[in-house]
Amino acid sequence: GKEESGEGFSLPSFSMGGKDGEGLSMADVKKFGISGTVAYVLTELAFWAVAFPVASTALYQTTGHWPDVFNDNSDRAAVLAFIFTGANIARLLVPLRLGAALALAPWVDENIINRDGASDSQQS
């Protein structure tokens with residue numbers, strides 16, 4: 001396996017230094033290849049899956065009614081404004097989101113990307 005030959009995943013430094021080349025970047029995610037990309041996509045999907053309900057709830061608490069994003073342009077604009085604001089705040093958490101993708105990459109590699117390879121080796 002990967003562990004026996006010394007290959008596999010090695011995580012980059014999680015330091016948040018201010019100099020170039022330190023801390024987390026998208027390049028660290030790309031080092032994991034397809035597994036890193038899939039892990040990053042999963043973390044972004046999770047972010048957006050949470051963003052819309054949070055924005056809708058914020059609008060409800062602000063205006064007293066649930067947004068009607070299909071029929072009411074002002075509600076649609078308000079929800080998008082809440083999401084835009086949340087996304088800008090989330091930029092402060094980019095290192096956390098990249099770290100989550102890096103932590104998820106080995107699991108994605110084992111359970112999603114190489115899933116067929118594991119079943120082939122069990123059949124022989």
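Among the contacts in the protein chain with a separation of 6 or more, 59% are accounted for by residues 24 or more positions apart. This is a predicted model, and its protein chain holds five helices and zero strands, so that the elements, read from the N terminus on, run α-α-α-α-α. Of the 124 residues of the protein chain, 23% count as buried.

Before the helices are taken in turn, the confidence of the prediction deserves a word. The mean pLDDT of the protein chain is 78, and 76% of the residues reach 70 or more. Confidence is highest in H4, at a mean of 90, and lowest in helix H5, which covers residues 115-123 and has a mean of 57. Over residues 1-6 the pLDDT is below 50, and this stretch has four contacts in the model beyond near neighbours in sequence. The pLDDT also stays under 50 over residues 11-19, for which the model has 14 contacts beyond four places in sequence. Where pLDDT is low, the predicted coordinates should not be read in detail.

A convenient place to enter the fold is helix H1, made of residues 26-30, in which methionine 26 has its place. Methionine 26 is partly exposed, because its relative accessible area of 33% falls between the limits of 20% and 50%. Leaving aside neighbours within four places in sequence, methionine 26 is in contact with Tyr40 and Leu98. The C-alpha atoms of methionine 26 and tyrosine 40 are separated by 9.1 Å, while the two residues lie 14 residues apart along the chain. Both of these partners reappear in the next pairing, where Tyr40 is among the residues of H2 and Leu98 among the residues of H4 that meet each other.

Two packed helices are described by the angle between their axes and the distance between the axes. For helix H2, residues 33-63, and helix H4, residues 94-113, the axes come within 7 Å and cross at roughly 120°. The two helices are therefore oblique to each other, and the crossing of H2 and H4 is right-handed. On the side of H2, the residues in this contact include Ile34, Ser35, Val38 and Leu42, and on the side of H4 they include Ala101, Leu104, Val108 and Ile112. The residues of the contact of H2 with H4 divide into 13 nonpolar, three polar and three charged.

Serine 35, which belongs to helix H2, is one of the residues that take part in the contact with H4. At 2% relative accessibility, serine 35 counts as buried, because the limit for that class is 20%. Its C-alpha atom and that of leucine 102 are separated by 9.2 Å, although serine 35 and leucine 102 are 67 residues apart along the chain.

Helix H2 also packs against H3, at an angle of about 125° and with the axes 9 Å apart. That makes H2 oblique to H3, and this crossing, too, is right-handed. Here Phe47, Trp48, Ala51, Phe52, Ala55, Ala58, Leu59 and Thr62 in H2 meet Asp75, Ala78, Val79, Phe82, Ile83, Gly86, Ala87 and Ala90 in H3. The residues of the contact of H2 with H3 divide into 13 nonpolar, two polar and one charged.

From the side of H3, which spans residues 73-90, alanine 87 offers a view of this pairing. Not counting residues up to four places away in sequence, alanine 87 touches Phe47 and Trp48. Alanine 87 and alanine 51 are 36 residues apart in sequence, and their C-alpha atoms are 8.2 Å apart in space.

Two further residues of H2 complete the picture, beginning with proline 53, which is found in that helix. Proline 53 is partly exposed, with a relative accessible area of 41%. From proline 53 to isoleucine 83 the distance is 9.6 Å, C-alpha to C-alpha, and the two are 30 residues apart in sequence. Serine 56 likewise has its place in helix H2, but with a relative accessible area of 8% serine 56 is buried. Apart from its neighbours within four places in sequence, serine 56 is in contact with Trp66 and Pro67.

Terms used: Residues numbered from 1 in each chain as written. Predicted model: local features only at pLDDT ≥ 70, side-chain atom pairs only at ≥ 80, totals over all residues. Heavy atoms only, no water. Axes fitted to C-alpha atoms, helices over the stretch in contact; angles between N-to-C directions. Helix = DSSP H or I, 4+ residues; strand = E, 2+ residues; numbered from the N terminus. Parallel < 35°, antiparallel > 145°, perpendicular 65-115°, else oblique. Left-handed = near helix turned anticlockwise from the far one by under 90°. Contact = heavy atoms within 4.5 Å. Nonpolar A, V, L, I, M, F, W, Y, C, P; charged D, E, K, R; others polar. pLDDT = per-residue confidence, 0-100. Buried < 20%, exposed > 50% of the residue type's maximum accessible area, 1.4 Å probe, protein only.
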